[in-house]
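Q: I would like a close look at a single part of this protein. Which residues make up the largest nonpolar core, and how many are there in all?

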Amino acid sequence: QKHTIEHLYISININTRTYNRISSALRQSILLSSSQILKDNMIEEGVEKQAPHLNIIRVQAIIRAWLACRRLLAQVRKHAKRTRVVYEIFDVEKSYTTSMCSCILNIMNPIKEKNMLSSADIASIFCNLQEINDMHMALYDNMTTIMSSWDVKSTISDIFLSYIGDFKEN
């Protein structure tokens with residue numbers, strides 16, 4: 001997440017810097033009077049001054065750069081939001097598997113070991129709990145692998161699609 005936030009910060013700074021360049025160039029163009037424009041076109045002391053059409057080209061280039069930065073910033077924001085959602089799914093899955101393991105270790109196994117309930121009662125209370133836990137542990141392990149090398153092109157959809165049969169009711 002830090003990587004994405006740094007990109008976002010850099011993009012905002014680029015965007016601000018570009019905006020300042022545009023406003024400065026526009027102010028310079030507005031301040032030029034017609035006599036200054038004519039004077040700029042003349043050769044003074046052997047050095048040719050910048051023509052007014054070059055100022056317009058410079059402003060156009062700055063505006064194009066600013067628009068490109070806006071598009072880049074939109075993409076960075078989209079990726080940051082997507083990354084936050086994926087990390088939230090990952091954190092929820094981690095919490096869920098931790099809770100399931102705790103339930104199995106601290107509740108189900110002691111009840112089985114001490115024969116506090118009949119096998120039929122245990123089966124009805126903890127119906128498929130171990131199988132569900134195993135499936136979610138495998139899902140969490142696959143997500144951990146993907147999250148360790150997460151980038152713009154990474155997806156988690158393939159993981160969920162591989163478990164679609166397990167999530168469907170029979």
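A: The answer below begins with the whole protein and then turns to the core and its surroundings.

This is a predicted model, in which local features need pLDDT of at least 70 and side-chain atom pairs count only at pLDDT 80 or more, while totals for chains, interfaces and linings use all residues. Residues are numbered from 1 along each chain as its sequence is written, and side-chain values use heavy atoms, with hydrogens and water left out.

The protein has 7 helices and 2 strands (DSSP runs numbered from the N terminus: H or I of at least four residues for helices, E of at least two for strands). Along the sequence they follow the pattern α-α-β-β-α-α-α-α-α. Of its 170 residues, 24% count as buried (buried is under 20% relative accessible area, exposed over 50%, partly exposed in between, with a 1.4 Å probe and protein chains only).

The largest nonpolar core has 11 residues in all: Val86, Phe90, Met135, Leu139, Tyr140, Met143, Met147, Trp150, Ile156, Ile159 and Tyr163. A nonpolar core is a set of buried Ala, Val, Leu, Ile, Met, Phe, Trp, Tyr and Cys residues joined through side-chain atoms within 4.5 Å. Two or more of the core residues come from each of helix H3 (52–113) and helix H5 (129–148). H5 gives the most, with 5 residues.

Phe90, a member of this core, is in contact with Tyr140, Met143, Thr144 and Met147, leaving aside neighbours within four places in sequence (contact means heavy atoms within 4.5 Å). Apart from this core lies another one, of 7 residues, including Ile104, Ile111, Phe126 and Leu129.

Thr97 is also worth following. This residue is found in helix H3 and counts as buried because its relative accessibility is 3%. Not counting residues up to four places away in sequence, Thr97 touches Asn133, His136, Met137 and Tyr140; Tyr140 is one of the core residues. The side chain of Thr97 also reaches the backbone oxygen of Lys94, at 2.9 Å.

Met116 offers a contrast. This residue lies in the loop between H3 and helix H4 (119–125), and it counts as exposed because its relative accessible area is 57%.

To sum up, the core of 11 residues draws on H3 and H5, and buried Thr97 of H3 touches Tyr140 of that core.

Definitions and conventions. Polar contact = N/O pair within 3.5 Å; in protein donor to acceptor, adjacent residues only side chain to side chain.
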